[in-house]
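This report deals with how the two domains of one chain meet, and then with two aspartates.

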Amino acid sequence: MTEKLIIFDTTLRDGEQSPGASMTKEEKLRIARQLERLRVDVIEAGFAASSDGDFDAVRAIASEVKDSVICSLARANERDISRAAEALRPASRFRIHTFIATSALHMEKKLRMSADQVYEQARRAVRQARQFTDDVEFSPEDASRSDMDFLCRVLEGVIDEGATTINVPDTVGYAVPEGYAALIRELRERIPNSHRAVFSVHCHDDLGLAVANSLTAVKSGGARQIECAINGLGERAGNTALEEVVMALKTRRDHFGLDVRVDTTQILATSQLVSEITGFAVQPNKAVVGANAFAHASGIHQDGVLKARDTYEIMRAEDVGWSANRIVLGKLSGRTAFRQRLHELGVTIDGDAQLNAAFMRFKALADQEATVSDNELVALARRTPSR
Ligand code: KIV
Ligand code: ZN
């Protein structure tokens with residue numbers, strides 16, 4: 001049996017921390033229902049203690065969404081953990097995700113706490129969370145800039161208290177793939193009780209490396225949970241994009257050898273819903289969900305794809321929710337795509353000479369316009385003026 005990789009979606013929590021992406025309870029519920037359809041394993045529904053609105057949203061999602069584990073973030077203190085537990089109570093399965101920073105910089109400058117205090121507080125928080133659920137995740141914030149010996153000490157301590165998932169955040173997006181994978185591997189090798197927890201990755205995209213860092217940590221570090229967000233939404237430059245890691249794992253299963261539960265045909269609908277609700281447009285050349293991700297404009301590529309799709313496509317557009325791939329007619333297009341489109345539009349042209357003449361008219365028009373519409377195409381093929 002192949003090993004499973006857990007997909008933990010944080011669109012509704014870290015994603016909402018994107019400046020300008022705040023969502024109402026109703027909007028969060030709509031996204032959560034769609035994430036359930038997408039079959040993500042865990043939905044981080046929010047940060048229950050952060051506001052009454054977030055508490056209500058987490059509670060509403062926990063009451064309604066039953067097919068995914070519902071999670072709330074909580075700082076490592078009593079009030080946050082109790083609020084998270086209270087909001088999550090209606091869920092059929094829930095997780096409390098508690099965190100505290102472990103880097104010297106954060107402990108000294110932000111928390112103003114000693115390493116020993118952080119160690120004790122982390123253990124206490126996990127111990128408290130375990131009173132509410134046996135599914136407890138712990139994150140040492142700014143892990144990728146934390147001292148290795150201290151990180152090992154804290155993580156061994158929280159696993160001892162019953163943490164079942166250890167998430168290792170690259171909070172500021174500073175890590176590079178080999179280094180981040182080595183960090184996860186070393187933690188798993190050095191911490192004596194590491195086998196009792198699933199190791200998870202949580203990467204930010206400040207250097208555009210979030211997806212690469214996550215996947216390398218899975219492949220070479222042994223991480224078995226990826227935290228990610230739809231359209232890569234998240235604090236600052238965002239989080240690991242769910243659609244990218246999932247499709248990389250599926251398309252290159254030969255390389256990763258891991259299964260994910262996600263129903264990929266729901267990816268596009270989820271991306272479009274998140275974009276509609278947040279008002280964050282998806283760039284056309286965005287992998288998997290961008291309008292051009294399965295569109296072909298160059299004649300050579302169009303010719304190849306029309307003969308055999310796998311000449312220029314490594315995934316099927318339909319597998320991620322598009323109705324089909326797309327041939328875009330423009331100045332780079334060749335005869336094959338031109339003839340094919342006319343055929344699809346029901347226009348028949350008799351003989352090569354007529355086809356050549358129509359094609360020349362098309363090229364002349366395409367030189368002036370970015371794309372040629374179907375109406376224009378039919379008109380020029382029939383030699384009638386277009387509207
Ligand atoms: O980036 C981060 O460190 C986080 C933690 C709260 C997991 O989002
Ligand atoms: Zn984060």
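## Contact between the domains

Three residue pairs are in polar contact between domain 1 and domain 2, with both residues of each pair at pLDDT 80 or more. The model is predicted. Salt bridges are absent from the interface of domain 1 and domain 2, where the rule finds zero. On the side of domain 1 that touches domain 2, the elements giving two or more residues are helix H9 (242-251) and helix H11 (267-278). By class, that side of domain 1 has three nonpolar residues, three polar residues and no charged residues.

The area buried between domain 1 and domain 2 comes to about 560 Å². Carbon and sulfur atoms give 70% of this area. Within domain 1, the residues that lose the most area to domain 2 are Met247, Thr251 and Leu268, and together they make up 69% of what that side buries.

## Domain layout

The domain assignment divides the chain into domain 1 (3-278) and domain 2 (295-381). Six residues from domain 1 and seven residues from domain 2 take part in the contact. Taken over C-alpha atoms, the centres of domain 1 and domain 2 are 44 Å apart.

## Asp14

Asp14 sits in the loop between strand E2 (6-9) and helix H1 (25-38). Is Asp14 buried or exposed? Its relative accessible area is 2%, so Asp14 counts as buried, the cut-off being under 20%.

The side chain of Asp14 makes a polar contact of 3.0 Å with the side chain of His202. Not counting residues up to four places away in sequence, Asp14 touches His202, His204, Gly234, Glu235 and Asn239. His202 thus appears both among the residues touched by Asp14 and as the partner in the side-chain polar contact.

## Asp319

Asp319 lies in the loop between helix H12 (299-307) and strand E12 (326-327). Asp319 has a relative accessible area of 34%, and it is therefore partly exposed, between the limits of 20% and 50%.

Which residues does Asp319 contact, leaving aside its neighbours within four places in sequence? They are Thr264 and Thr265. For Asp319 and Thr264, the separation is 55 residues in sequence and 6.1 Å in space, C-alpha to C-alpha. By the domain bounds, Thr264 and Thr265 fall in domain 1 (3-278), and Asp319 falls in domain 2 (295-381).

Note on methods: Residues are numbered from 1 along each chain as its sequence is written. Chains are lettered from A and ligands numbered from 1 in the order in which they are written. Side-chain values use heavy atoms; hydrogens and water are left out. Domain bounds come from an automatic or database domain assignment. Contact means heavy atoms within 4.5 Å. Buried area is the accessible area (1.4 Å probe) that two parts lose on being put together, summed over both. A salt bridge is a side-chain nitrogen of Lys or Arg within 4 Å of a carboxyl oxygen of Asp or Glu. A polar contact is a pair of N or O atoms within 3.5 Å; within protein, one must be able to donate a hydrogen and the other to accept it, and residues adjacent in sequence count only if both atoms are side-chain atoms. Helices (H or I, at least four residues) and strands (E, at least two) are DSSP runs, numbered from the N terminus. Ala, Val, Leu, Ile, Met, Phe, Trp, Tyr, Cys and Pro count as nonpolar, Asp, Glu, Lys and Arg as charged, and the others, Gly among them, as polar. Buried means under 20% relative accessible area, exposed over 50%, partly exposed in between (1.4 Å probe, protein chains only).
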